[in-house]
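I opened the notebook today to look at how some helices pack. My notes follow, in the order I looked things up.

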Amino acid sequence: MSEKTAAAPAAPSQFKKTNQWFDVWRRLKQSKTAVIGLVIFVLLCLMALTAPIFFNYEQDVIRINVQNRLQPPSAEHWMGTDDVGRDVLARVVWGSRASLSIAFSIVAFSLFVGGTIGSTAGYFGGVYDNVVMRIMDIFQAIPGILLAITIVAALGPNTVNLVIALVVSSCPVFARVVRGPVLTIREVEYVEAAKAIGAKSGTIITSHVLPNCLAPIIVQATLSVAGMILSVAALSFLGLGIQPPAPEWGAMLSGARTFIRDHSYLAFFPGLAIMITILSLNLLGDGLRDALDPRLKT
């Protein structure tokens with residue numbers, strides 16, 4: 001009986017499908033400063049989310065207690081009390097909710113409006129592109145904070161008008177960030193193939209073009225959150241943002257001006273919160289920029 005050598009079945013291919021987001025995370029972890037920024041920012045977000053657990057808004061944050069006014073930091077009040085007896089720590093923690101939520105809202109709206117403008121301008125090109133981007137140039141020629149001050153002063157100081165003002169002033173940046181890569185991606189083969197099979201322009205932009213522009217958009221959005229926190233604080237400091245007695249870091253700095261000589265802690269702790277938040281976002285944004293850079297792929 002002739003021996004039949006049964007050929008062993010070929011081993012299944014061990015090629016791993018590379019997940020680009022796993023690669024981004026792997027490169028991001030290699031940057032110690034980016035990891036530090038991410039950890040600090042996550043802790044700040046957790047602090048903002050858990051603020052109602054530790055401090056009652058009515059009792060600890062906005063209730064006036066003149067008997068406790070201007071007490072220095074102690075075991076009872078870790079960051080002291082302000083000029084009307086409110087706990088500074090409670091106001092700083094609740095202020096993180098206001099600053100972060102408003103900054104995220106502004107960036108989300110700016111990304112949606114500016115991204116829509118930039119993607120359509122870059123995809124369609126021609127006269128539409130020229131007209132739209134010249135309008136963006138006009139808005140970008142005006143300093144963002146000055147434009148925001150003008151809009152809030154005209155509409156009236158409140159949170160909604162603050163968001164509108166900062167969205168208008170930051171849209172041109174997102175429009176330009178999105179338009180650049182769209183100009184390149186609209187010429188690639190898979191976009192041409194989608195056009196050839198009759199796909200609609202809106203489908204091509206949302207399904208094929210924008211997903212391939214995510215790297216610069218994510219970096220710009222991360223850095224913009226830091227810029228928006230600073231802008232919100234600046235407008236609130238000028239009395240054009242969140243109105244008292246609601247806690248907000250810029251408004252707390254404004255209220256501390258009168259007492260800064262003898263009670264410097266009133267300005268120190270809100271300023272420290274702003275500095276740490278912006279520093280963490282800048283560190284994270286720089287790390288994301290390097291991790292998402294295709295030229296760094298190994």
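**Helix H12 and its surroundings**

I began with the buried residues of H12, which pack against helix H5 (88-124), helix H11 (214-237) and helix H13 (265-291). A reminder to myself: this is a predicted model.

Next I listed those buried residues: Trp 249, Gly 250, Ala 251, Met 252, Ser 254 and Ala 256. Since 6 of the 8 residues of H12 (residues 249-256) are buried, the helix is largely enclosed by the rest of the structure.

I also checked how H12 starts. Glu 248 caps its N-terminal end, with a side-chain oxygen 2.7 Å from the backbone nitrogen of Gly 250.

**The H7 and H8 pair**

How do the axes of H7 and H8 cross? I found that they come within 8 Å and cross at roughly 145 degrees, and the crossing is right-handed.

On the H7 side I noted Gly 144, Leu 147, Ala 148, Ile 151, Val 152 and Leu 155. They meet Asn 161, Leu 162, Ile 164, Ala 165, Leu 166, Val 168 and Ser 169 in H8. By type, the residues of this contact divide into 10 nonpolar, 3 polar and no charged.

**Pro 157, in the loop**

Then I went to the loop between helix H7 (144-155) and helix H8 (159-185), where Pro 157 sits. Is Pro 157 buried or exposed? Neither quite fits: its relative accessibility is 38%, so I put it down as partly exposed.

Leaving out residues up to four places away in sequence, I have Pro 157 touching Val 152, Gly 239, Leu 240, Gly 241 and Gln 243. I also looked up its C-alpha distance to Leu 235, which is 9.3 Å, with the two positions 78 residues apart in sequence numbering.

**Nonpolar cores**

Which residues touch the most other members of the largest nonpolar core? Of its 53 residues, my answer is Val 92, Ile 106, Leu 166 and Ile 229. Helix H2 (32-49), H5, H7, H8, H11, H12 and H13 each supply at least two residues of this core, and H5 gives the largest share, 12 residues.

I followed up on Ile 106. Setting aside neighbours within four places in sequence, Ile 106 is in contact with Val 163, Leu 166, Val 167, Ser 170, Met 228 and Val 232.

Apart from the largest core I found another, of 11 residues, including Val 178, Val 191, Ile 205 and Cys 213.

How values were computed
Residues are numbered from 1 along each chain as its sequence is written. This is a predicted model: local features need pLDDT of at least 70, side-chain atom pairs count only at pLDDT 80 or more; totals for chains, interfaces and linings use all residues. Side-chain values use heavy atoms; hydrogens and water are left out. Buried means under 20% relative accessible area, exposed over 50%, partly exposed in between (1.4 Å probe, protein chains only). Helices (H or I, at least four residues) and strands (E, at least two) are DSSP runs, numbered from the N terminus. Contact means heavy atoms within 4.5 Å. A polar contact is a pair of N or O atoms within 3.5 Å; within protein, one must be able to donate a hydrogen and the other to accept it, and residues adjacent in sequence count only if both atoms are side-chain atoms. Axes are lines fitted to C-alpha atoms, for helices over the stretch in contact, and angles run from 0 to 180 degrees between N-to-C directions. A crossing is left-handed if the near helix is turned anticlockwise from the far one by less than a right angle, and right-handed if clockwise. Ala, Val, Leu, Ile, Met, Phe, Trp, Tyr, Cys and Pro count as nonpolar, Asp, Glu, Lys and Arg as charged, and the others, Gly among them, as polar. A nonpolar core is a set of buried Ala, Val, Leu, Ile, Met, Phe, Trp, Tyr and Cys residues joined through side-chain atoms within 4.5 Å.
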